[in-house]
Amino acid sequence: MTSEQSKRPLARLVPGGARAARGKLRRRLSAAVRLVAALTLAGGLYTAYAPGVGRAEETVKLSDAAANGKAIYEVSCITCHGRNAQGVENRGPSLIGVGSAAVEFQVNTGRMPLARQEAQAERKTPQFDESQAAELGAYIQELGGGPQLPSAESLDEQVKQARGSDKILAHGGELYRVNCSSCHAFSTGGGALSSGKFAPSLQHSTNRDIYAAMLTGPQNMPVFGNNQLSPDDKAAIIAYIQDLNKNEAADPGGWALGRYGPVPEGLVIFLVGIAALVFATLWIAGKS
Amino acid sequence: MKRRKIDVRALPANSARALDERFQAATPLRRLMNKVFPDHWSFLLGEIALYSFIVLLLSGIFLALFFDPSLREVVYDGSYAPLRGVEMSQAYNTALHISFDVRGGLFMRQMHHWAALLFMAAIVVHMFRVFFTGAFRKPREANWIVGVLLFWMGFLEGFGGYSLPDDALSGTGLRIASAIMLSIPIVGTWVTTSLFGGEFPGEVILDRLYIVHVLLVPGALLGLISVHMGLLVKQKHTQWPGPGRTNNNVVGVRMFPGFAAKAGGFFMIVFAMIAALAGLFQINPIWLFGPYKAAVVSAASQPDWYVMFLDGSTRLFPAWEIRFDFFYGDGYTIPPIFWPTVVLPGILTMLPIFYPFIEARFSKDKEVHNLLQRPRDNPLRTALGAMAIAFYVVLLISGGNDVVADKFHISLNAMTWAGRIGILIVPPLAYYVAFRVALGLQQHDREVLAHGVETGIIRRLPDGKFVEIHQPLPSGNGHGPSDEEAHHGLEYGGWVVPKKMNRLGALAPTVKGFFYPIEKAGPAPKPRQLDDDRDREEITSGH
Amino acid sequence: MTTHHPSDDEFDASDASLTRFDLVKEGARRDGVQIVHYAPRFPVPGTRAERRIERVLSFLFLLTGLMGTAFVVAYIAWPWKYGEGDSTYRALFPYYTPVLGATLGLCLLSLGLGIVVWSKKLLPEEVSIQERHDGPSDSTEQVLTAATILNMGDELGLKRRRFVGLAFLAGAAPLGAVAGALLVGSLIKAPTQDGENVFFTTGWDPKHNDGKPVRLTHEDGTPIRPADVSVGGQITVFPGIPHGATNKWADSPTLLIHLREQDAELTKKQAKELNHGSQWQNFVAYSKICTHAGCPASLYEQQTNRLLCPCHQSQFQITDNARPIFGPASRALPQLPITVDDEGYFIATQDYKIPVGPAFWERP
């Protein structure tokens with residue numbers, strides 16, 4: 001909408017200005033002058049129109065939270081995602097329709113705002129607190145709709161109950177293994193994807209992070225909408241993940257070596273087993 | 001009836017006599033106890049494998065009491081809550097049962113698994129020692145071949161053990177094994193369906209694998225280990241060159257009590273290491289993996305380390321498929337997986353088996369060698385060995401390249417390409433570096449023999465020149481260099497040349513103290529038996 | 001070492017003047033072993049150094065006993081059942097196996113150290129030399145043995161009774177074949193079933209469903225509608241036949257992907273002839289079984305539309321017929337032709353058109 005409006009007057013007026021000054025002799029001489037004039041005009045028109053567009057938008061009633069979110073958006077997000085979350089080519093995707101779930105996931109895990117363009121955004125310390133993220137989410141939600149998260153309290157309660165039930169836990173485990181483990185590994189430790197991309201570890205993820213990731217499919221993660229995995233299924237999966245991560249009894253065999261499987265086990269047998277025993281041989285066969 | 005009083009003090013002697021009357025054991029028993037073993041740390045590496053094997057047998061018997069390899073579907077109802085109510089095979093069910101519902105079962109399972117990793121690691125390290133010191137040379141070629149077979153038997157045994165619990169990693173491993181069998185030209189499909197009793201996974205594979213794992217391969221391992229030990233006893237251990245050590249003798253301690261005590265103590269230390277690993281480091285947490293299902297897989301699906309090099313070769317091998325298209329029919333295929341998993345292991349078996357003969361052929365060496373060679377003294381062999389290790393290590397790392405990529409934030413594709421290029425570049429580089437290092441070390445030895453030990457004392461000569469004082473080495477008889485030796489330098493004995501002043505006079509290589517010498521080097525063991533020149537000739541020419 | 005070597009006959013073992021060590025040396029000599037250096041570590045008994053070693057040894061052996069006892073106590077008394085007991089029990093449970101490992105490890109370690117210290121510090125310093133007897137046997141011996149072996153042939157009279165020998169061979173050969181036949185014959189199984197090569201069919205073949213097209217189902221057997229998968233989502237589907245989601249149909253798991261509009265168009269445009277008509281609107285279904293080694297290739301990247309196999313890192317481009325673009329796989333993932341039936345559920349219109357899973361010799 002907005003880009004259409006701001007482009008149309010330019011397209012009409014700039015060629016018009018050039019037509020008025022058309023003259024065979026003066027054409028070449030004034031080329032530079034005309035360019036500057038056109039640019040000035042375009043710029044002037046843009047500044048003249050843009051606030052008008054903004055005013056037009058404000059007529060859509062934003063809630064207080066969304067208005068706060070808009071203020072944050074226009075400081076921190078607009079560079080890449082563009083005015084009114086329309087997206088900027090080669091910089092950031094449109095956020096229309098992604099819903100508050102995606103916004104809260106990206107902001108709460110610190111992935112957004114992006115530090116630099118990489119194969120994949122990484123989890124880092126969030127720049128905004130949760131209430132700010134919620135306000136941002138509200139703004140995007142009111143702009144274009146999309147999936148929303150349950151409240152943290154209700155989700156945590158549901159996950160807690162799920163962890164208490166063997167049946168739900170086992171169900172979550174089965175869903176996890178068929179849907180999630182291929183990328184995030186049996187251990188929830190994550191794994192490599194193609195060309196520098198990776199599935200992150202889930203070991204520090206909150207219930208809501210995991211829920212939001214399934215719901216919205218951030219970056220290269222496939223979407224597991226509520227049509228595919230119901231909210232109950234999602235809670236079961238989260239319960240299973242959190243049980244592996246927070247239940248100390250999940251690693252009854254000693255130090256779990258990060259649960260990275262046979263690679264660290266192989267390292268241990270050489271760096272601990274063989275190394276220590278070679279020292280022992282040196283001592284045993286050494287001169288006494 | 002008169003009760004005969006038993007003379008307790010005479011009992012041992014009487015029993016011994018009674019036994020000898022029946023078995024004529026006195027001479028062979030004493031021969032065994034008097035057998036001399038040389039003492040060097042590197043000779044103990046193979047023992048690690050032997051002791052691990054004993055632990056494997058013991059822990060394996062324990063596990064066999066509780067494990068049932070059946071693929072029959074059951075519903076889990078054990079202690080581990082997150083799997084309760086899940087359908088699974090009886091094999092996985094009993095493996096979980098051992099882990100959670102048998103007292104100490106998890107400890108024994110982990111002990112079995114760690115012992116297996118240690119067994120294979122010790123075999124490989126022992127093999128390196130044998131190779132780099134030339135211990136495989138005549139007359140020990142047969143024992144070297146037995147050793148190579150032991151490696152592959154251990155490999156099979158380990159893979160079987162990895163596959164038996166029927167967790168998701170096991171099944172994935174078996175799936176790949178079936179793909180490898182399928183890739184064999186002409187007979188692939190027949191081999192696969194015959195072994196699996198139909199299309200993968202079938203219903204019989206674990207039962208068959210179980211009997212292979214607990215009877216056939218352990219039997220073969222036991223047999224091969226007996227042959228390995230028997231040949232060792234028959235041919236006697238090799239030894240390093242050194243004072244008094246010749247190609248025709250063994251210098252060391254008698255088996256009882258000296259050697260046996262050290263070996264027994266070492267057994268306990270190896271056992272302790274396995275027990276500590278088993279308790280402190282979790283291995284193969286099957287309860288995290290869930291039961292095997294054809295649609296389930298995990299990121300970072302790896303085999304155990306000793307199979308990982310073949311996984312690496314499979315990852316690196318390019319997608320080169322060979323097609324035979326004839327004028328009729330649909331043509332035939334040799335899939336790319338055939339080369340790194342069937343042909344490569346074939347080469348890796350045949351090359352080591354024939355290596356002793358190849359080397360003897362090229363060096364025109366038909367002699368019997370009971371004295372070892374220092375790696376530096378045979379740069380070609382050392383360089384070849386370094387090349388082989390480099391090749392192996394590139395494959396090994398590539399077998400875990402997804403974990404490396406993930407944990408060190410490297411692109412997975414870049415890791416694969418690094419491996420593909422590395423497998424071509426690194427081995428020749430290792431060859432060159434090892435060759436130069438060996439020559440450099442030889443050179444240094446020669447310098448010390450010719451000029452003496454560097455003392456670090458710089459003296460200014462009257463004409464203003466600075467020279468470093470070298471302390472000349474004493475010659476073998478301890479009376480200082482003879483005139484001839486003083487002119488041409490001492491002859492190299494194939495053994496450690498003292499390079500520090502505090503080692504001078506010490507003919508044994510080790511000085512008390514582990515990180516630094518805490519005593520003055522003791523006097524050399526007096527080579528009292530060396531009264532004739534014949535023996536000394538052989539020391540100095542030592543191979 | 002002694003200059004005088006009495007022959008075995010001369011030696012009188014009952015000579016009372018011989019010490020026990022003299023007897024040991026004589027025994028060793030007879031075994032080809034010379035004890036050339038033999039010195040006690042502590043010639044003077046009761047020195048401080050010796051007492052120190054004794055103390056260390058006693059400590060180590062007592063530690064062995066202590067740790068062994070600790071192991072048994074922990075084995076019996078330490079909480080060991082997953083998910084049972086009160087909070088203390090649960091807090092202690094994760095340390096059951098570590099405690100067993102630590103106690104048994106220390107127990108065995110101190111025993112091992114003790115034995116080695118004993119041998120290194122208390123056993124007399126010894127250098128013994130044993131003669132080797134390498135090389136071939138005596139040439140006369142060789143001749144005699146060879147003659148004995150060759151004589152066996154003569155004794156059997158194989159030259160004279162050639163026919164008997166041949167008959168024996170002719171009789172023994174089938175006996176050998178019996179062993180081979182039993183082993184091979186009992187194991188061998190043709191890769192065919194009902195006249196079809198099992199590697200060419202999967203559970204999606206309508207013949208497993210009374211000739212009706214097979215539905216795409218969840219793991220629990222419920223059928224799947226297009227609305228069940230979001231855009232950018234994927235789901236593992238199984239043939240809707242009895243036991244379709246079990247390992248009995250290990251070749252059948254399939255990945256159903258809901259592509260984005262423009263990706264779907266691209267996929268349709270790039271589809272090769274074999275895959276024409278296999279796509280249903282924006283949905284595509286590819287075999288989950290990797291064409292390289294048979295692992296489930298299921299690491300789907302929804303933006304790049306790549307599918308990665310975690311076993312050997314083959315990567316497939318979903319929008320281009322699931323063609324392999326990286327790694328060791330040489331063949332595209334087979335596409336399952338799908339459509340939606342009258343009731344709105346996904347069905348496979350037919351079986352995979354090419355064999356799924358790892359390649360083999362007969363594969364076209």
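This tour goes through a predicted model in a few selections, with what can be seen at each stop.

**Chain A**

Begin by selecting chain A and colouring it by secondary structure, which comes to 13 helices and two strands. Chain A has 288 residues, of which buried residues make up 48%. If you then draw the contacts within chain A that have a separation of 6 or more, you will find that residues 24 or more positions apart account for 61% of them.

**Chains B and C together**

Next, hide chain A and select chain B with chain C. The size of an interface is often given as the accessible area lost when the parts come together. Between chain B and chain C the buried area is about 8000 Å², and carbon and sulfur atoms give 61% of that area. Three residues to pick out on chain B are B:Arg103, B:Glu199 and B:Arg254, which supply 9% of the area that chain B buries against chain C, more than any other three residues. If you select every residue that takes part in the contact, the selection should hold 105 residues from chain B and 89 residues from chain C.

**Polar and charged pairs**

Stay at this interface and turn to its side chains, where the rule finds six salt bridges between chain B and chain C. To see a salt bridge in detail, zoom in on B:Asp101 and C:Lys81, whose side chains meet with a distance of 2.5 Å from N to O. A wider selection of polar contacts across the interface of chain B and chain C gives 33 residue pairs, with both residues at pLDDT 80 or more. On the chain B side, now highlight helix 10, residues 255–280, which gives the most to the surface touching chain C, with 15 residues. Colouring that side of chain B by class shows 50 nonpolar, 33 polar and 22 charged residues.

**A strand pair across the interface**

Select strand 4 of chain B (residues 249–254) and strand 2 of chain C (residues 125–131), which pair in the antiparallel sense over four bridges. Within this pairing, label B:Val250, which stands opposite C:Gln130 in strand 2 of chain C.

**A stop in chain C**

Finally, follow chain C beyond strand 2 to C:Ser137, which is placed in the loop between strand 2 and helix 5 (139–156). Is C:Ser137 buried or partly exposed? With a relative accessible area of 48%, C:Ser137 is partly exposed. For a last distance, select C:Ser137 and C:Thr291, which are 154 residues apart in sequence and 59 Å apart in space, taken from C-alpha to C-alpha.

Technical notes:
Residues are numbered from 1 along each chain as its sequence is written. Chains are lettered from A and ligands numbered from 1 in the order in which they are written. This is a predicted model: local features need pLDDT of at least 70, side-chain atom pairs count only at pLDDT 80 or more; totals for chains, interfaces and linings use all residues. Side-chain values use heavy atoms; hydrogens and water are left out. Contact means heavy atoms within 4.5 Å. Buried area is the accessible area (1.4 Å probe) that two parts lose on being put together, summed over both. A salt bridge is a side-chain nitrogen of Lys or Arg within 4 Å of a carboxyl oxygen of Asp or Glu. A polar contact is a pair of N or O atoms within 3.5 Å; within protein, one must be able to donate a hydrogen and the other to accept it, and residues adjacent in sequence count only if both atoms are side-chain atoms. Ala, Val, Leu, Ile, Met, Phe, Trp, Tyr, Cys and Pro count as nonpolar, Asp, Glu, Lys and Arg as charged, and the others, Gly among them, as polar. Two strands pair if DSSP finds at least two bridges between them. Buried means under 20% relative accessible area, exposed over 50%, partly exposed in between (1.4 Å probe, protein chains only).
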